[in-house]
Amino acid sequence: MLSIFDIFKIGIGPSSSHTVGPMWAGHRFLNELKEKGILGSIASVRVGLYGSLALTGVGHGTDKASLLGLAGYQPDTIDPDEADKAFEAIKTSKKIKLAGEHEIAFDYDTQLIFHNGETLPEHPNAMRIFAADENGIVVYYKTYLSIGGGFIVCADEFNKPAASTNDEQTDDSKESSIPYPFRNAAELIKLCKANNLSIAELVIENEKARNNGDINIVNEKIDAIWDVMRNCIERGLRMEGKLPMSGIKRRSFDLHNTLTANPEVMLNDHFAIMDWVTLFAMSVNEENACGGRVVTAPTNGAAGVIPAVIAYYSRFISRNNQAGIREFLATAAAIGAIIKMNATISGAEAGCQAEVGSACSMAAGALVAVQGGTIDQVENAAEIGMEHHLGMTCDPIAGLVQIPCIERNGMAAIKAITAARLAMRGDGNHAVSLDSCVETMYRTGLDLQAKYRETSQGGLAIYAKEHSSRIA
């Protein structure tokens, strides 16, 4: 069973699988060295990146994240404004302080290796970390897989239930005491109806069991997730300038000024609200592209969809409704957990359908829930949101989480609202189940050629290389 806080995790941009995951991997490696009592004897470390982590690693900040993790930083607590400074200090000084306490020599150019063109058999997002003693003998190494949404597993854990992204050990007693475990949508719906619970109520009961029955702790954690999302939207609306590496101009600031300067447009243009929804999503993903603080929802590349739809709900449907926002996030987390447990949320594994498609599905179902829809209508909306992203490729230009990612989040937020409205116009009966659609998404992802799965070797990424002057 996955928690709300497995699906929604606070971190930094631009990628959950390429930034958040590798940073946790470095941190986890340090803890393993400490557990073995050999951290102080390590004289050198070497990091190897494979598959998508190598091919798009620089653009996704994988190199920075890997080294910051080894330096003892964590994605949920690091100051985004300090991350670049710390990374540059490691590169220029040619030293790294493991866990912030044991300093060793480190050469970025020779000890961080991008194995372009080489993919490990377990997963397209893989990294290996080696630790050697003063004689150059490797005394410990580990292969980690970044399986999407910031989740990290060791290679030998890959076919087991998803491991925690951080260093907290699973409390088996708490997991066994969860009152309403489910593995798929069919089980979730059955449990809800049998116990006369909404999806959010069921999920909250499970979270209470994880937190000694304390609903206040659960609510505080959920509120903290929304606080980061809301602050990310607001910061994105304020920030001017250009996106890193590409130099592309940020658009949210100007769009926000245009909309606020002409509020009367809302009276005449029935689609003006959609401009606001698109703006909310893009502001989050511009922040993500700049390495800002975001929430995996369920990934960084798709981080703008759910905050945008919540902002739509809280500004245009039920203003400042904290209880509704909690219900939204709990419902969305259940849908995200179903997708994660039965398919994938990794763009490198199944394309953007697994990232933005999942986010759209989660947002659509949650929006129905907070508007009083039935459980069947919630499942219908989630299925519609996923169905109409099937086959979507992940082909980021120049390996950056910018084009088409930023606009794509705005489009998916609009699709989520449309899916919710369509489901609420019906009675919940529909031909394709959410479980079937999730399985189809996974199988479709496996059928996609590797070049269309976050490698920047196909699709728009190739077009941009061939027509660079036109793209600029």
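This tour moves through a predicted model, from an annotated domain to two of its helices and then to a cavity.

Begin by selecting residues 195–461, the range that an unreviewed UniProt entry annotates as "domain: Serine dehydratase-like alpha subunit". The end C-alpha atoms of this span are 49 Å apart, and its content is 64% helix and 1% strand.

Next, select helix α14, residues 305–317. From its first C-alpha to its last, this helix of 13 residues reaches 17 Å, close to the expected 18 Å. Ten of the 13 residues are buried, which leaves α14 mostly covered. The buried positions are V305, I306, P307, A308, V309, I310, A311, Y312, Y313 and S314. To see what covers them, display the helices that include α10 (215–238), α13 (272–289), α15 (322–342), α17 (356–370) and α19 (405–424).

From that group, isolate α10. Its end C-alpha atoms are 35 Å apart, in agreement with the 34 Å that its 24 residues should span at 1.5 Å a residue. Colour the buried residues of α10, among them N219, D223, W226, M229 and C232. An α-helix has 3.6 residues a turn, so residues three or four places apart point the same way. At the start of α10, zoom in on D214: one of its side-chain oxygens comes to within 2.9 Å of the backbone nitrogen of N216.

Finally, turn to the cavities. The whole structure contains five of 30 Å³ or more, and the largest has a volume of about 140 Å³. Its lining comprises 15 residues, of which G301, E355, V401, C405 and E454 are the closest to its centre. Select α2 (16–35) together with α19: each supplies at least two residues of this lining.

Notes:
Residues numbered from 1 in each chain as written. Predicted model: local features only at pLDDT ≥ 70, side-chain atom pairs only at ≥ 80, totals over all residues. Heavy atoms only, no water. Helix = DSSP H or I, 4+ residues; strand = E, 2+ residues; numbered from the N terminus. Expected span 1.5 Å × (residues − 1). Buried < 20%, exposed > 50% of the residue type's maximum accessible area, 1.4 Å probe, protein only. Contact = heavy atoms within 4.5 Å. Polar contact = N/O pair within 3.5 Å; in protein donor to acceptor, adjacent residues only side chain to side chain. UniProt positions renumbered as here; feature names shortened; annotations may be inferred. 1 Å grid on protein atoms, 1.4 Å probe; cavity = no way out; pocket = protein on both sides within 12 Å on 5 of 7 lines; lining within 4 Å. Points joined across faces, edges and corners; volume = space filled by probe spheres on them.
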